[in-house]
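Here is a set of short exercises for getting to know a new structure. Have the sequence and the model open, try each task yourself, and then read the worked solution.

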Amino acid sequence: MSPTGDIDVLEALASLPTVAHPTVSPDGTEIAFYYDVTGRNELTVLDTETGELEQWSDGEVPRNARWFVEWSADGDRVFFHRDEDGDEQNDVYAIDRDGRVEPVVEMEGQCMLTSVAESGDRVVFGSSRDGQMNAYARDLDSGETRKLTDYDRAVWGAHLSPDGERLAYATNETDDFDNQDAYIADADGSNPHNLELGEVGAECGPAGWGPESDRLLVSDNTPDLGRAGVYDLEADEVTWLGDGEYDESGVAFVDGDRVLASRDRDAVTMPVVYDLASGEGRELDLPEGVASTGWAYSDAVLGDGRVLIQHTTPTRRTELLAYDLDTDEYEVLLEAEYGPFDPDDFADAEYLTVESDGIPDTPQRAVEHDPADELEIGALLYDSGERPSPLIVNPHGGPMARDAKSFDLYTQVLAMRGYSVLQVNYRGSTGRGREFKERLLDDWGGAEQGDVATAAEAVLDRYDWIDEDRVVVFGGSYGGYSAYWQSVQYPDLYDASVAWIGISDLGDMYENTMPHFKTELMEKYLGTPEENPDLYEERSPVTHVENVDAPLLVVHGINDRRVPVSQARIVRDALEDAGYEERATPEESREDGGADDGDFEYEELGEEGHASSDQEQKLRLFRLLDDFLDRRVGAPAEATADD
């Protein structure tokens with residue numbers, strides 16, 4: 001599939017310019033976003049009328065574009081998040097049109113800007129300064145900071161109403177750990193009121209205020225599939241939108257008459273516009289893929305019935321579109337860059353389904369599970385075009401996430417190197433409702449991992465062009481947990497494994513991750529180690545390292561605060577204690593007269609946290625991955641491409 005020629009494919013792919021977090025200015029005439037067309041992430045502003053791009057920053061913004069940006073109320077500054085080498089202990093800064101940068105919020109822990117007052121006098125942000133993630137306000141004139149909420153569970157998405165008088169947010173005060181409710185309080189955090197819009201155990205939260213501050217767009221999954229609704233503050237009642245056929249969530253008010261929602265179906269995500277008078281909704285007329293309006297609470301309204309859309313497909317990189325809701329026509333505001341490539345050079349995704357009860361044919365070596373409910377599991381298969389083709393099984397992270405038909409650079413890197421890629425939306429993935437997602441509760445390392453292995457077996461059986469002797473599992477974050485677990489639970493299935501920023505020891509993860517990940521991830525899914533010590537031990541991949549039976553690559557950023565680097569070091573030590581040999585360094589190899597590759601390989605990545613969007617850091621990982629796969633599995637692809 002890959003073209004041939006005299007350029008470095010990995011470097012060319014890592015260097016493709018990427019746009020991140022586009023956000024419309026208050027007057028709708030400009031869009032601010034991160035853009036790395038220079039080779040480094042920079043804050044860039046697009047004039048929507050002329051199409052001109054202006055770079056505001058010159059190295060002052062983070063190398064990693066993980067965290068979003070927001071405009072100031074007057075449109076003269078842009079707020080952004082900055083940390084130290086990707087550690088996500090964000091502070092909030094502002095940059096103006098002349099490139100002047102100043103700190104806005106500097107606090108211990110992680111800070112996340114959630115709202116900018118339309119009056120311009122203050123910002124609201126979440127912070128883990130005192131332990132748990134709660135809401136705070138910073139007065140921009142006096143510099144005074146005030147804590148607005150003080151809950152034991154994390155507070156998410158605290159957002160000021162347009163008139164500045166109220167605050168909406170989500171948290172949980174019930175004994176049901178899976179619950180989440182939408183709240184409204186006075187702007188100073190006083191008089192909090194649980195709207196009680198969903199049943200206990202469901203997840204409900206605000207998505208955005210109406211322009212007159214009298215209505216609130218909310219999302220809720222009480223009926224199983226997610227739904228969007230409009231809550232009327234005066235009437236104290238909610239009107240739910242849609243017919244319940246698809247999983248949907250609220251996005252934003254377009255104006256006083258219409259709202260946007262996001263719809264998931266199969267592996268597609270599409271925006272839906274609802275007319276509030278009639279309740280009728282329609283999908284936007286766009287090619288199937290992933291179309292979104294950006295980060296929650298970002299202003300996507302361009303004015304005159306137009307909204308900003310980010311659109312991508314498996315073979316087409318993200319473009320920025322101005323979509324006219326009145327005519328269902330759109331124009332491209334920012335075209336994607338392809339460098340030496342063409343969209344036809346990239347592997348497309350085939351959506352397929354398999355039936356799984358969580359018990360594959362491959363023997364279970366770590367934990368013997370009984371069959372779970374048989375479910376239809378969706379998956380995406382990217383054909384590299386090589387014959388025969390090695391297969392990379394690539395479980396997604398999260399685990400509250402899913403793989404969809406969007407452009408995935410890591411997938412395309414693998415496909416261009418000759419590896420076909422399988423992505424599995426195992427039970428517990430999002431996009432199919434509350435019941436499907438909650439099947440992962442109390443069962444990490446259970447039926448969801450069986451779904452991954454079953455899907456791998458299915459494609460090996462269906463497609464005779466896949467090389468059954470070259471099957472690799474590779475994943476990051478919770479996908480890294482999956483890579484570890486697949487290698488110890490189903491070692492007979494794989495010829496190599498790559499665990500990137502993965503979870504290996506659940507007890508250590510609980511003790512050392514950030515506070516809101518401790519409660520909203522670990523406790524929500526597994527309880528505490530004190531409550532469920534056997535589960536924490538049994539479902540930790542490190543407990544079963546003696547089952548590793550194929551080359552394993554462990555890669556981890558040293559500044560990772562979500563999944564601390566201790567997770568990788570624990571695995572390395574356990575492997576050595578079990579008698580496995582680490583691959584020698586080049587220096588050691590030369591001293592020993594040429595040592596072999598060993599049983600496992602280990603790399604810690606400096607100046608990096610929980611993954612990175614920085615071009616140099618992406619390329620570093622691509623080269624590590626490519627070298628490991630080439631030596632351990634063998635890839636037929638050339639390392640060069642056409643100019």
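## Exercise 1: Two helices that meet

α4 and α5 are roughly perpendicular to each other, so their angle falls in the class from 65 to 115 degrees (under 35 counts as roughly parallel, over 145 as roughly antiparallel, and the rest as oblique).

Before you start, two notes on the model. It is predicted, so local features need pLDDT of at least 70 and side-chain atom pairs count only at pLDDT 80 or more, while totals for chains, interfaces and linings use all residues. Residues are numbered from 1 along each chain as its sequence is written, and side-chain values use heavy atoms, with hydrogens and water left out.

**Task.** Find the axes of α4 and α5, and work out which residues make the contact.

**Solution.**
- Step 1: Locate helix α4 at residues 447–462 and helix α5 at residues 478–489. Helices (H or I, at least four residues) and strands (E, at least two) are DSSP runs, numbered from the N terminus.
- Step 2: Compare the axes, which come within 11 Å and cross at roughly 75 degrees. Axes are lines fitted to C-alpha atoms, for helices over the stretch in contact, and angles run from 0 to 180 degrees between N-to-C directions.
- Step 3: List the contact residues, with contact meaning heavy atoms within 4.5 Å. α4 supplies E448, Q449, V452 and A453, and α5 supplies Y478, Y481, S482, W485 and Q486.
- Step 4: Sort the residues of this contact of α4 with α5 into five nonpolar, three polar and one charged. Here Ala, Val, Leu, Ile, Met, Phe, Trp, Tyr, Cys and Pro count as nonpolar, Asp, Glu, Lys and Arg as charged, and the others, Gly among them, as polar.

## Exercise 2: An open sheet

**Task.** Trace the open sheet of four strands and follow the pairing of β8.

**Solution.**
- Step 1: Read the strand order, β6-β7-β8-β9, with antiparallel pairing. Two strands pair if DSSP finds at least two bridges between them.
- Step 2: Pick out the edge strands, β6 (70–71) and β9 (101–105), each of which pairs on one side only.
- Step 3: Follow β7 (residues 77–82) to β8 (residues 91–96), which are joined by six bridges and run antiparallel. R77 has D96 as its bridge partner in β8, and R82 stands opposite D91.
- Step 4: Go on to β9, which pairs with β8 in the antiparallel sense over four bridges. V92 has V105 of β9 as its bridge partner.
- Step 5: Look at the hairpin of β8 and β9, where four residues lie between the strands and G99 in the turn has a positive phi of about 85 degrees.
- Step 6: Check the cover of β8. Six of its six residues are buried, where buried means under 20% relative accessible area, exposed over 50% and partly exposed in between (1.4 Å probe, protein chains only). D91, Y93 and I95 lie on one side, and V92, A94 and D96 on the other.

## Exercise 3: Around a tryptophan

**Task.** Is W67 buried or exposed, and what is it in contact with?

**Solution.**
- Step 1: Find W67 in the loop between β5 (53–55) and β6.
- Step 2: W67 is buried, with a relative accessible area of 9%.
- Step 3: Leave aside neighbours within four places in sequence; W67 is then in contact with H21, Y34, H81, E88, N90, Q110, M112 and R562.
- Step 4: Look closely at E88, whose side chain makes a polar contact with the side chain of W67 (3.4 Å). A polar contact is a pair of N or O atoms within 3.5 Å; within protein, one must be able to donate a hydrogen and the other to accept it, and residues adjacent in sequence count only if both atoms are side-chain atoms.

## Exercise 4: An enclosed helix

**Task.** Which elements do the buried residues of α7 pack against?

**Solution.**
- Step 1: Ten of the twelve residues of helix α7 (residues 515–526) are buried, so α7 is largely enclosed by the rest of the structure.
- Step 2: Among these buried residues are H516, F517, L521 and Y525.
- Step 3: The packing partners are β14 (156–160), α3 (434–437), α6 (506–512) and α8 (533–538).
- Step 4: Just after α7 comes G527, with a positive phi near 75 degrees.
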